[in-house]
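Please read the following walk-through with the sequence and the three-dimensional view side by side. It begins at the ligand and moves outward from there.

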Amino acid sequence: MELNNQINKDHEKRFLNFQKESGIYGTSEAIQQIFDTIEQVAPSDISVLINGESGTGKELVAKEIHRRSRRANNPLIIVNCGAIPEGIIESELFGHEKGAFTGAVGVRKGFFETADRGTIFLDEIGEMPLSAQVKILRILEGKEFTRVGSSVAKRTNVRVIAATNKSLEQEVQNGNFRQDLFFRLRAITIELPPLRSRKEDIPLLVDKFSQNYCKDNRINFAGFDETAITGMQNYPWAGNIRELKNLVESMIILEKGRKIDEQVLAKYLNTFDQGTRNLPIPVNRPTDQVEREFIYRALIDLKNEISQLRELILTRVFPPKRLKSWEGADATVFSHEDAHVVYDDVSAEAKPIVSIPGMEKKLIEETLSRFSGNKRKAALSLKISERTLYRKIKEYKLPF
Ligand SMILES: Nc1ncnc2c1ncn2[C@@H]1O[C@H](COP(=O)(O)OP(=O)(O)OP(=O)(O)O)[C@@H](O)[C@H]1O
Ligand SMILES: [Mg+2]
């Protein structure tokens with residue numbers, strides 16, 4: 001009995017320490033199991049697959065595995081596979097030799113080479129093209145790869161952590177993901193459940209997020225009352241912990257540190273809840289809330305109109321033009337440079353005050369903010385592929 005107590009106490013202490021060091025907070029059974037798995041697998045070189053919806057903490061887990069590994073003093077290279085255009089992904093991952101393709105003016109080390117003796121985190125691995133998947137399997141099996149344009153095999157000593165918000169099993173069935181790579185990766189799988197299925201974590205998360213935010217910004221905050229916490233526990237959190245964190249921080253700042261109860265919370269949840277915009281305006285709400293909803297609806301309509309207008313202009317006024325092949329199969333057929341060229345031919349007085357790229361940039365920025373930086377949802381709403389969205393974020397240097 002004594003011994004058991006001691007073991008439990010030690011475990012508890014390590015779990016508390018883990019939360020503090022990793023920033024992965026929670027009290028649920030799920031989080032405790034995740035801690036146990038991380039503690040077990042981190043010191044070895046075994047590959048890990050992290051599965052979970054957007055905003056559930058996949059990147060945090062990957063970082064913690066690296067931090068607790070023997071490789072912690074060597075690099076952790078984070079690669080967002082969904083953000084790299086398909087045509088250049090292999091040269092980004094495995095490097096290229098001089099002259100391997102047009103534009104390859106020098107030799108370039110790939111991420112796998114840079115990560116030597118460290119860890120590579122392949123985020124959104126479900127987006128990886130099949131041709132690159134074969135090469136990753138080869139590295140996992142024999143630690144060997146070749147740079148694009150070379151036939152000389154090179155070696156690298158890299159630990160692979162992969163993450164996805166898709167069901168890779170489904171992707172295998174659809175022919176988009178290699179079964180052998182899936183089998184290799186799934187040996188150790190960490191499932192991060194959506195926040196809605198571990199509501200008991202919410203009070204602690206809210207506490208940590210508000211404490212940190214108030215400390216960093218020197219805000220005196222009166223806190224959340226119990227009704228607000230219950231309200232948050234009953235909300236579905238499609239954007240998971242990221243959405244919760246954003247909401248907590250915006251409420252604290254917009255409410256100027258005042259106490260937040262159920263009513264205040266409802267105001268914010270309704271404003272951000274996409275589903276409410278098609279519902280009739282409720283009459284039993286305070287006027288400022290109704291006004292806010294009106295403005296919000298008007299902005300959404302305006303956004304849709306701008307989007308339609310943009311499509312109309314792009315398809316009718318400017319003829320589609322082919323992009324360079326590396327910009328990827330799903331790249332839009334129109335790039336912002338094209339728009340500038342066309343506008344330069346137009347007489348000064350006919351020049352629009354806002355440019356198409358300007359409008360596009362703003363639209364993308366607004367959509368990303370609306371979805372709290374969730375790229376998948378923003379891309380879906382903008383009706384562009386996630387890869388195109390990443391390209392545009394980079395192109396416009398947006399802070400997302
Ligand atoms: N258990 C947790 N405790 C505290 N903060 C967390 C926890 N899980 C996630 N977060 C925070 O939520 C945000 C999203 O986490 P993260 O980027 O790791 O999610 P993700 O699963 O990689 O999302 P995506 O699929 O959109 O890339 C980050 O700000 C992170 O610090
Ligand atoms: Mg992530």
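The shell around ligand 1 is made up of five nonpolar, nine polar and four charged residues, and it should be kept in mind throughout that the model is a predicted one. Of the 18 residues around the ligand, those that come nearest are Ser54, Gly57, Lys58, Glu59 and Ile241. Two elements, α3 (58-67) and α11 (240-254), give two or more residues to this shell. Because domain 1 (2-193) and domain 2 (196-272) both give residues to the shell, ligand 1 lies between them.

Helix α11, one of the contributors to that shell, deserves a separate look. With 15 residues, α11 reaches 21 Å from its first C-alpha to its last, close to the 21 Å expected at 1.5 Å a residue. Its buried residues are Asn240, Ile241, Glu243, Leu244, Lys245, Leu247, Val248, Met251 and Ile252, and Ile241 is also among the residues that come nearest to the ligand. Just after α11, lysine 256 takes a positive phi of about 55 degrees.

From the ligand we turn to the interior. In soluble globular proteins, nonpolar side chains tend to be buried together. Here the largest nonpolar core has 38 residues, and Ile50, Phe112, Ile120, Leu122, Ile161 and Ala162 are those with the most contacts inside it. Strand β6 (residues 159-164) gives the most to this core, namely four residues. A second, separate core of 16 residues includes Ala228, Met251, Ile260 and Leu265, and Met251 is one of the buried residues of α11. Returning to the largest core, leucine 122 touches Val79, Cys81, Val160 and Ala162, if residues up to four places away in sequence are not counted.

The opposite case, that of residues with little cover, can be followed in two other helices. Helix α1 (residues 2-22) has 21 residues, which at 1.5 Å a residue should span 30 Å, and its end C-alpha atoms are indeed 30 Å apart. This helix is hardly covered, since the count of buried residues among its 21 residues is one. Just after α1, glycine 23 takes a positive phi of about 75 degrees.

Glutamine 40 lies in helix α2 (residues 29-41), and it counts as exposed because it has 11 C-beta neighbours inside 10 Å. Its C-alpha atom and that of isoleucine 65, a residue 25 places apart from it along the chain, are separated by 9.7 Å.

Conventions:
Residues numbered from 1 in each chain as written. Chains lettered and ligands numbered in written order. Predicted model: local features only at pLDDT ≥ 70, side-chain atom pairs only at ≥ 80, totals over all residues. Near = placed C-beta within 6 Å. Nonpolar A, V, L, I, M, F, W, Y, C, P; charged D, E, K, R; others polar. Domains from an automatic or database assignment. Expected span 1.5 Å × (residues − 1). Buried ≥ 20, exposed ≤ 12 C-beta atoms within 10 Å, placed from the backbone. Core = buried A, V, L, I, M, F, W, Y, C linked by C-beta atoms within 7 Å. Contact = placed C-beta atoms within 7 Å.
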